Structure formats: structure tokens, C-alpha cells
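Subject: Structure handover

Hello,

Here is the structure I promised to pass on. Please open it first, then read my notes below.

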Amino acid sequence: MESKIICAGFGGQGILSLGKFMVYAGMEQNLEVTWLPSYGPEMRGGTANCSVVLSDKPVASPLITKPNILIVMNTPSLDKFESKVEKGGLILVNSDLIERKINRDDVTVKYINANTIALELGSARSANIVMFGAYVKYGGVVSKDTALDALMHQFEGKKGADSIKKAFEAGYNL
């Protein structure tokens, strides 16, 4: 098993953190992992994406040209990466910020109103956590318990840890 994931959006949406959460969950599940960030010089507000590989075998390269999972948080990212997802892959779309539909019928698509859910839970900044929960449910790579444990470990002792758990659960339970 090898899962090649691209997470993409703009700086400030927690894209790189989302990728890290995947890697931490993969490590907790004893998988081989890589995380390769990419962002523009302006960072917050500029483009940001990261490539994540989770595998049960050693990973030869962190570079991904054909992801089997794409998580997109804004329209420019969808425009850039949609065509690169391999046939039969999965695209998770933040439908609050992306109004258009996917132009392909050879992939599975899940539209997630991540920003709305995050706002309803009291923290607009947790949209990436909502998407992480959805990824765990639909991606089928790491277990819910492992992912949640890895996520909560990152927020251990920090204010707002309960809201992080709620955001993950909301994304998972879509």
C-alpha cells in the first residue's frame, strides 16, 4: 500500500499542518512517511501545498506527480492539481471556498463545507482539521483512533484542544 497525497490551498489555511497531521498519524500506525512542503515567498495568503506519502514499504521519493488523493482548500489549487490526480483517485474539496464542480468522472469527489463546520464549532481556523477528519474517513489509510490520538498529541496541554477534537469528529462524521 502506498498513498500519495497532495494538500493544497493558500497560506494561513493550515495546509502544511494538515500534511503534518497525516504524517504523525502514519508514523503512529508504523507506516513509512514523507512530507514535502511547498509555498510561495509571501506564505500567508500566497499559495501553499505539501506532498505526503504514507506507505507500508520504504518511500523512494517524496515527490508526487500523480497523487491518488487530493485535498484542496481553494479554487487556484483545484485548477492546478485536479488533472494530476490518478484515475480512480479521491478529491476532497472545501466547497465553502470552491464553487465549481470537479470536471472529471473518473475520480471520487467529496464536497465538504469545512469553513462552515469550523465556524459552527467556534473556530474558523480549524477548517483544516475538519478536512483531516474527512481524509481519515474517506482516505482509508490510517484508522480513526490512531489519527485522533496523533492529532490530540500535537495539541496536548494547549487551549482549544476540545474544539480540535470536535472539528476532527465533525469532518469524520460527514
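Helix 1 passes helix 4 in a right-handed crossing. The contact is built from S17, L18, F21, M22 and A25 on the helix 1 side. Helix 4 answers with N128, I129, F132 and Y135. By class, that contact has 7 nonpolar and 2 polar residues, and no charged ones. The two helices pack at an angle of about 40°, and their axes are 9 Å apart. Helix 1 is therefore oblique to helix 4, since the angle falls outside the ranges for roughly parallel (under 35 degrees) and roughly perpendicular (65 to 115).

One caution before the rest: this is a predicted model.

Helix 4 and helix 6

Helix 4 covers residues 127-139, and helix 6 covers residues 161-172. Their axes come within 6 Å and cross at roughly 45°. That angle is why helix 4 counts as oblique to helix 6. The crossing of helix 4 past helix 6 is right-handed. On helix 4, the residues in contact are I129, V130, F132, G133, A134, V136 and K137. They meet I164, A167, F168, G171 and Y172 of helix 6. Sorted by class, this contact has 9 nonpolar, 2 polar and 1 charged residues.

Helix 4 and helix 5

Helix 5 spans residues 144-154. Its axis comes within 10 Å of the axis of helix 4, and the two cross at roughly 155°. An angle over 145 counts as roughly antiparallel, so helix 4 is roughly antiparallel to helix 5. Here too, helix 4 passes in a right-handed crossing. I129, F132 and V136 of helix 4 meet K144, A147 and L151 of helix 5. This contact has 5 nonpolar residues, 1 charged residue and no polar ones.

Two helix 4 residues are worth finding on screen. I129 appears in the contact with helix 1, in the contact with helix 6 and in the contact with helix 5. F132 likewise appears against helix 1, helix 6 and helix 5.

The largest pocket

What is the volume of the largest pocket? The value is about 470 Å³. The pocket is lined by 25 residues, and those closest to its centre are G12, Q13, G14, I15 and R125. The lining divides into 14 nonpolar, 9 polar and 2 charged residues.

Which helix gives the most to that lining? Helix 1 does, with 4 residues. Helix 1 runs over 15-28. Helix 1 and helix 4 each supply at least two residues of the lining. These two helices also pack against each other, at the angle of about 40° given above.

Best wishes

Conventions. Residues are numbered from 1 along each chain as its sequence is written. This is a predicted model: local features need pLDDT of at least 70, side-chain atom pairs count only at pLDDT 80 or more; totals for chains, interfaces and linings use all residues. Side-chain values use heavy atoms; hydrogens and water are left out. Axes are lines fitted to C-alpha atoms, for helices over the stretch in contact, and angles run from 0 to 180 degrees between N-to-C directions. A crossing is left-handed if the near helix is turned anticlockwise from the far one by less than a right angle, and right-handed if clockwise. Contact means heavy atoms within 4.5 Å. Ala, Val, Leu, Ile, Met, Phe, Trp, Tyr, Cys and Pro count as nonpolar, Asp, Glu, Lys and Arg as charged, and the others, Gly among them, as polar. On a 1 Å grid over the protein atoms alone, a cavity is a set of points where a 1.4 Å probe fits but cannot get out, and a pocket is an open set with protein on both sides within 12 Å along at least five of seven lines; lining residues have an atom within 4 Å of a point. Grid points are joined across faces, edges and corners, and a volume is the space filled by probe spheres set on the points.
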